[in-house]
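These are my notebook entries on a single structure. I set down each item that I looked up, together with what I found.

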Amino acid sequence: MDNEADAVQGTHLQEIRRGSVVLASLIACRTPKYGYGLLTTLADVGIVTEANTLYPLLRRLEGQGLLTSTWRTDDPRPRKYYETTALGAETAERLHTEWLALGAGYDDLRKADA
């Protein structure tokens, strides 16, 4: 594959992943997670994201009322933990339903042309 195709595909893959990180973060933070721990959790399931993408996303989701955060200073290293709110859980369910519907639609399109 040439560099131009890699660049074009990379752009589209990035767009798909960007949306999936929102849903994945809301699901993963059903139990409190600090930033680096969340990066590791997401990477372990194949959702690789960069810290400079995740941290602004966490702040945005918190600002939208989908996550809440608390500092834990009793650990040797103080860490900010994020947890999904009730609105965040409701949003995650709705996004997951949409994700499944989109996947089914893509499958139908692929089968129709086969």
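**Entry 1. Salt bridges**

How many salt bridges does the structure hold? I worked from a predicted model, and I found two salt bridges in the structure.

I looked up Arg 18 and Glu 15. They form a salt bridge whose closest N and O atoms are 3.0 Å apart. I then asked where the two residues lie relative to each other in the helix. Both belong to helix α1, which covers residues 3-28, and because they are three residues apart, about one helical turn separates them. For accessibility, I noted that Arg 18 is partly exposed at 46% and that Glu 15 is partly exposed at 45%.

I turned next to Lys 80 and Glu 62, where the closest N and O atoms of the salt bridge are 3.9 Å apart. The distance falls inside the cut-off, since a salt bridge requires the nitrogen to be within 4 Å of the carboxyl oxygen. I recorded the distance of 3.9 Å between Lys 80 and Glu 62 again before placing the two residues. Lys 80 lies in strand β3 (residues 79-84) and Glu 62 in helix α3 (residues 51-63), so this pair ties together parts that are 18 residues apart in sequence. Lys 80 has a relative accessible area of 24% and is partly exposed; Glu 62, at 26%, also counts as partly exposed.

As background, I noted that side chains of opposite charge can pair when their charged atoms come close.

**Entry 2. Surroundings of the second salt bridge**

I checked what else Glu 62 meets. Its side chain makes a polar contact of 2.5 Å with the side chain of Ser 69, and Ser 69 lies in strand β2. Leaving out residues up to four places away in sequence, I listed what Ser 69 touches: Glu 62, Lys 80, Tyr 81 and Tyr 82. Both partners of the salt bridge between Lys 80 and Glu 62 therefore appear among the residues that Ser 69 touches.

**Entry 3. Helix α1**

I compared the length of α1 with expectation. At 1.5 Å a residue, its 26 residues should span 38 Å, and the end C-alpha atoms are 35 Å apart, which agrees. At the N-terminal end, I found Asp 2 as a cap: one of its side-chain oxygens lies 3.2 Å from the backbone nitrogen of Glu 4.

Which residues of α1 are buried? I recorded Ser 20, Val 21, Val 22, Leu 23, Ala 24, Ser 25, Leu 26 and Ala 28. The elements that cover them include β1 (33-34), α2 (35-44), α3, β2 (67-72), β3 and α4 (86-112).

From this set I singled out Ser 25, which has a relative accessible area of 0%. Its side chain reaches the backbone oxygen of Val 21 at 2.8 Å. Apart from neighbours within four places in sequence, Ser 25 is in contact with Leu 38, Leu 42, Leu 54, Leu 57, Leu 61 and Thr 84.

I returned to Arg 18 for a spatial check. Arg 18 and Thr 53 are 35 residues apart in sequence, while their C-alpha atoms are 8.7 Å apart in space.

**Entry 4. Aromatic rings**

How many aromatic pairs does a search of the whole structure find? The search returned one aromatic pair. Tyr 34 and Tyr 81 form this pair, which is edge-to-face, with 5.4 Å centre to centre and 70° between the planes. The pair links distant parts of the chain, as Tyr 34 is in strand β1 and Tyr 81 in strand β3, 47 residues apart.

I asked whether each ring residue is buried or exposed. Tyr 34 is partly exposed at 22%, whereas Tyr 81 is buried at 10%.

I also looked for charges over the rings. The charged end of Arg 72 sits over the ring of Tyr 81, 4.0 Å from its centre. Over the face of Tyr 34 I found Arg 79, at 4.1 Å from the ring centre.

**Entry 5. The loop before β1**

My last item was Thr 31, in the loop between α1 and β1. Thr 31 is partly exposed at 44% relative accessibility, and its side chain makes a polar contact of 2.8 Å with the side chain of Lys 33. Thr 31 and Tyr 81 are 50 residues apart in sequence, and I noted 9.5 Å between their C-alpha atoms.

Terms used:
Residues are numbered from 1 along each chain as its sequence is written. This is a predicted model: local features need pLDDT of at least 70, side-chain atom pairs count only at pLDDT 80 or more; totals for chains, interfaces and linings use all residues. Side-chain values use heavy atoms; hydrogens and water are left out. A salt bridge is a side-chain nitrogen of Lys or Arg within 4 Å of a carboxyl oxygen of Asp or Glu. Helices (H or I, at least four residues) and strands (E, at least two) are DSSP runs, numbered from the N terminus. Buried means under 20% relative accessible area, exposed over 50%, partly exposed in between (1.4 Å probe, protein chains only). The expected span of a helix is 1.5 Å times one less than its number of residues. Contact means heavy atoms within 4.5 Å. A polar contact is a pair of N or O atoms within 3.5 Å; within protein, one must be able to donate a hydrogen and the other to accept it, and residues adjacent in sequence count only if both atoms are side-chain atoms. Rings of Phe, Tyr and Trp (its six-membered ring) pair if their centres lie within 6.5 Å; planes under 30 degrees apart count as stacked, over 60 as edge-to-face and the rest as tilted. A charge sits over a ring if NZ of Lys or CZ of Arg is within 6 Å of the ring centre and within 35 degrees of the ring normal.
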